Amino acid sequence: MNKRQKRAKIIASSLQLFSKQGFYKTTMRDIASNLGISEGSLYTHFPSKMSLATAAISHVTGKLAIDLRYINSKPIPATKKIYEFVKSYFSFIQKNPEMVEYFFQVYLSNREIFCDEEDCGFSLAKEFIEELEILIDDGVKNNEFTQENFFIAFSSIMGILGSITFLHSEHVLEKELENYCEEIAKAICRTLN
């Protein structure tokens, strides 16, 4: 196993533990033990729990960015891209519940971990945010969306998806997520107009 694969395995293990136990209750020893490696070996790849937590956020949002980049490359209207993104996002959270749980339980709930005076963790999700901006700009350029303020548009998209994700994780929804794709995509498009 090469260094990149080892880092990915460590991140996957940390995502599981952080999402179950929380950031503060999970120790580097817990993560090393979960992997069956020495704590020293873990520190070879990540010098601190904080560096591991930030790498985990970059990992999660990087996966979403890859999916959205592919969608953005398609020669289809932005409204169809929104639908494709919603579908992809729902598939992602069903396949990777620990990643989504980590995002909500650690990243959003413990902003003090990721914030400093210059950045509040947005740089960790830079690739994903850039792809979302491309999608929004494309829709505005083609007169499909009128919402030009990126932060409002971003909040409209991620607020709706975040709420549905939360309802899904709380087992409140009556149907499986994929049954809501079209309705959610339409709701997002309406907020962008």
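1. In this predicted model, the side chains of S13 and N34 form a polar contact at 2.7 Å. S13 belongs to helix 1, which spans residues 3–21. Beyond its neighbours within four places in sequence, S13 touches I31, N34 and L35, so N34 appears both as a contact of S13 and as its polar partner. The relative accessible area of S13 is 4%; this falls under the 20% cut-off, and S13 therefore counts as buried.

2. A second serine, S38, sits in the loop between helix 2 (28–35) and helix 3 (39–45). With a relative accessible area of 44%, S38 is partly exposed, because that value lies between the 20% and 50% limits. A polar atom of the S38 side chain is 3.0 Å from the backbone nitrogen of S41. From S38 to M28 the C-alpha distance is 9.8 Å, across a separation of 10 residues in sequence.

3. The packing of two helices is described by the angle and the distance between their axes. For helix 5 (residues 78–95) and helix 10 (residues 181–191), the angle is about 130° and the axes are 9 Å apart. Helix 5 is therefore oblique to helix 10. The crossing of these two helices is right-handed.

4. On the helix 5 side, the contact with helix 10 is made by T79, I82, Y83, V86, K87 and F90. Helix 10 contributes C181, E182, I184, A185, I188 and C189. By class, the residues of this contact comprise 9 nonpolar, 1 polar and 2 charged.

Terms used. Residues numbered from 1 in each chain as written. Predicted model: local features only at pLDDT ≥ 70, side-chain atom pairs only at ≥ 80, totals over all residues. Heavy atoms only, no water. Helix = DSSP H or I, 4+ residues; strand = E, 2+ residues; numbered from the N terminus. Buried < 20%, exposed > 50% of the residue type's maximum accessible area, 1.4 Å probe, protein only. Polar contact = N/O pair within 3.5 Å; in protein donor to acceptor, adjacent residues only side chain to side chain. Contact = heavy atoms within 4.5 Å. Axes fitted to C-alpha atoms, helices over the stretch in contact; angles between N-to-C directions. Parallel < 35°, antiparallel > 145°, perpendicular 65-115°, else oblique. Left-handed = near helix turned anticlockwise from the far one by under 90°. Nonpolar A, V, L, I, M, F, W, Y, C, P; charged D, E, K, R; others polar.
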